[in-house]
Amino acid sequence: MFEIIIVLLCGLFFGSFANVCIYRTPRELSVIKPRSHCTKCNKQITWYENIPVFSYIFLKAKCRGCGSKISIIYPIIEVTCAILFLLMYHLYGFSYILPVFCIFAFSMLVVTAIDFEFQIIPDEFSLLLVIVGFGTSFLNYNLGDAVLQRLLQSFIGFLVGGGSLYVVAVVGKWILKKEAMGGGDIKLMAGVGTFIGWEKVLLAIFIASLIGSIIGITLIVFKKIMKKDAIAFGPYLAAGSMITLFLPPPAVIINTILLFEEQLLLKLLIR
Ligand SMILES: [Zn+2]
């Protein structure tokens, strides 16, 4: 119970920091200085006005300086971050790699929000992912049993994550005669690969394409977007990457499917 409360509080406070990153990074402002202030009247926000979720409720969603409305997005991001941290705790327990994967989940959340709003993925987060992912890969037991194996898997994940999307970008540009995949997406998946290895990074891209196609086609059918409109791929890549954390390695999935087919075939033959 104590552990859950610690993880929950960390999630809320990192969610609050995520809001700062989401607002400032695409505007090329520092995420450290100055202290948080109202985006309308510039009034500095005191510590008790800056408590995740509670301040939003306590201030009745209004700035104390100018009375302008505080967006509901802020507490939503905070709560989402807390939920993601709790999910990471569920997966990895109170272990060495819990903070590692909390940074991973935090980055996915921030990248999703920024790409959704600005259609860019700031290099800072991809770089952070590469440094943390590769730097801690020797601890990451998801990547293998031996330390050397983990380092190698992380490095290959980096190459395959970035490389496969680079190929998509080149081929896509050749066929569509326009930008098919942004440089930001390529760097993001290179970073993701250092955490989850090459098999899962491919699985993540596959899941992202699947979700992206379903949502894209739905939006086109309901005329919310035009066929030529560019849609940000980052949120799908981030979602796909997060989903793979909950799945067994792709080899196990394929084996299970094959085994299931084999049994099905056997049943049919016996009949
Ligand atoms: Zn204000």
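**A bent helix and a shared core**

At 1.5 Å a residue, a straight helix of 39 residues would cover 57 Å, yet α7 spans only 28 Å between its end C-alpha atoms. The model is a predicted one, and in it α7 carries a kink of about 120 degrees, with Gly 197 at the centre. Just past the end of α7 comes Lys 223, whose phi is positive, at about 60 degrees.

Stepping back to the whole chain, there are nine helices and zero strands. Read from the N terminus, then, the order of elements is simply α-α-α-α-α-α-α-α-α. Along the principal axes, the C-alpha atoms take up a box of roughly 75 × 50 × 40 Å. The chain has 271 residues, and 33% of them count as buried. Among contacts with a separation of 6 or more, 67% link residues 24 or more positions apart.

What sits in the largest nonpolar core? This core holds 52 residues, and Phe 85, Ala 105, Leu 109 and Val 110 have the most contacts inside it. Two or more residues come from each of α1 (2–24), α3 (73–92), α4 (97–118), α5 (123–135), α6 (147–176), α7 (183–221) and α8 (234–245). The kinked helix turns up again here, as α7 gives the most to this core, with 14 residues. The core also draws on both domain 1 (1–94) and domain 2 (122–271), taking at least three residues from each. As for Ala 105, one of the residues with the most contacts inside the core, its partners beyond four places in sequence are Leu 84, Phe 85, Met 88 and Met 242.

Loops deserve a look too, and Ser 137 is a handy example, placed in the loop between α5 and α6. Is Ser 137 buried or exposed? Ser 137 counts as buried because 26 other C-beta atoms lie within 10 Å, where 20 or more are needed. Setting aside neighbours within four places in sequence, the contacts of Ser 137 are Leu 143, Arg 150, Leu 151, Ser 154 and Thr 194. For one of these partners, Ser 154, the C-alpha atom is 6.3 Å from that of Ser 137, although the two residues are 17 residues apart along the chain. Another partner, Thr 194, belongs to the stretch 183–221 that makes up α7, the helix with its kink centred on Gly 197.

Methods
Residues numbered from 1 in each chain as written. Predicted model: local features only at pLDDT ≥ 70, side-chain atom pairs only at ≥ 80, totals over all residues. Helix = DSSP H or I, 4+ residues; strand = E, 2+ residues; numbered from the N terminus. Buried ≥ 20, exposed ≤ 12 C-beta atoms within 10 Å, placed from the backbone. Contact = placed C-beta atoms within 7 Å. Core = buried A, V, L, I, M, F, W, Y, C linked by C-beta atoms within 7 Å. Domains from an automatic or database assignment. Expected span 1.5 Å × (residues − 1). Bend = angle between axes of the 7 residues up to and from the residue.
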